[in-house]
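Here are some exercises to work through with the structure open beside you. Try each task before you read its solution.

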Amino acid sequence: MHNLPEQGIVRVATDVRPETVVLTVENSGERLTPELVATLTEPFQRGIGRARDDHAGVGLGLAIVKRITHVHDGSLTIVPRLPGGLRVVVELPASRHPSPARELTPVSGGG
């Protein structure tokens with residue numbers, strides 16, 4: 001999520017509900033339309049007026065968040081904040097019982 005170059009804010013909150021766990025991230029930034037926000041989970045979308053420079057991302061962050069949330073049967077809500085910036089909410093199913101530890105499968109690569 002892009003923020004203001006100076007005096008920007010980021011708020012992070014978590015919550016545990018009976019059936020879900022919730023992560024909420026809010027930031028300040030330019031005002032965005034709901035139509036633009038709806039495109040931000042598409043790969044390589046970086047919002048309006050985002051010129052590529054040494055500090056600009058490639059627009060994969062929210063696409064990755066969307067995919068991870070989907071794989072874990074969760075929901076992702078992204079809305080523009082009225083003063084500017086975004087509010088991003090990830091809601092995932094709560095596990096009632098810890099999963100047993102699983103051994104990682106090695107991945108072979110060429111190399």
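**Exercise 1. Place valine 90 in the fold, decide whether valine 90 is buried or exposed, and list what valine 90 touches.**

Step 1. Valine 90 sits in strand E4, where strands (E, at least two residues) and helices (H or I, at least four) are DSSP runs numbered from the N terminus. The model is a predicted one, in which local features need pLDDT of at least 70 and side-chain atom pairs count only at pLDDT 80 or more, while totals for chains, interfaces and linings use all residues. Residues are numbered from 1 along each chain as its sequence is written, and side-chain values use heavy atoms, with hydrogens and water left out.

Step 2. The relative accessible area of valine 90 is 12%, so valine 90 is buried. The scale is this: buried means under 20% relative accessible area, exposed over 50%, and partly exposed in between (1.4 Å probe, protein chains only).

Step 3. Not counting residues up to four places away in sequence, valine 90 touches Val21, Val22, Leu23, Val65, Thr69, Ser75 and Leu76. Contact here means heavy atoms within 4.5 Å.

Step 4. Isoleucine 78 is 12 residues from valine 90 in sequence, and their C-alpha atoms are 8.9 Å apart.

**Exercise 2. Describe the overall layout: how many helices and strands are there, and in what order do the elements run?**

Step 1. Count the elements: the protein has 2 helices and 4 strands.

Step 2. Read from the N terminus, and the order is β-β-α-α-β-β.

Step 3. Now look at burial: of the 111 residues, 23% are buried.

Step 4. Finally, consider contacts between residues at least 6 apart in sequence: 50% of them join residues at least 24 apart.

**Exercise 3. Find the residues of the largest nonpolar core, and name the elements that each supply at least two of them.**

Step 1. A nonpolar core is a set of buried Ala, Val, Leu, Ile, Met, Phe, Trp, Tyr and Cys residues joined through side-chain atoms within 4.5 Å. The largest one holds 8 residues: Leu32, Leu36, Val37, Leu40, Leu62, Ile78, Leu86 and Val88.

Step 2. At least two residues of this core come from each of helix H1 (34-37) and strand E4 (86-93).

Step 3. As background, nonpolar side chains in soluble globular proteins tend to be buried together.

Step 4. Threonine 41 lies in the loop between H1 and helix H2 (61-71). With a relative accessible area of 15%, threonine 41 is buried. Leaving aside neighbours within four places in sequence, threonine 41 is in contact with Leu62, Ala63, Lys66, Leu76 and Ile78.

**Exercise 4. Explain why asparagine 27 counts as buried, and find the backbone atom that its side chain reaches.**

Step 1. Locate asparagine 27 in strand E2 (residues 20-27).

Step 2. Asparagine 27 counts as buried because its relative accessible area is 1%.

Step 3. The side chain of asparagine 27 reaches the backbone nitrogen of leucine 86 at 2.8 Å.

**Exercise 5. Trace the salt bridges of arginine 11 and arginine 17.**

Step 1. A salt bridge is a side-chain nitrogen of Lys or Arg within 4 Å of a carboxyl oxygen of Asp or Glu. By this rule there are 4 salt bridges.

Step 2. Arginine 11 pairs with glutamate 26, their closest N and O atoms being 3.7 Å apart. This pair links distant parts of the chain, with glutamate 26 in strand E2 and arginine 11 in strand E1, 15 residues apart. Glutamate 26 is buried at 15% relative accessible area, whereas arginine 11 is partly exposed at 45%.

Step 3. Arg11, Glu26 and Arg87 are linked in a network of salt bridges.

Step 4. Arginine 17 meets aspartate 15 in a salt bridge at 3.1 Å, N to O. Arginine 17 also forms a salt bridge with glutamate 91, with the closest N and O atoms 3.7 Å apart. The latter pair joins the loop between E1 and E2 to strand E4 across 74 residues.

Step 5. Compare accessibility: arginine 17 is partly exposed at 38%, aspartate 15 is partly exposed at 36%, and glutamate 91 is partly exposed at 23%.

Methods
A polar contact is a pair of N or O atoms within 3.5 Å; within protein, one must be able to donate a hydrogen and the other to accept it, and residues adjacent in sequence count only if both atoms are side-chain atoms.
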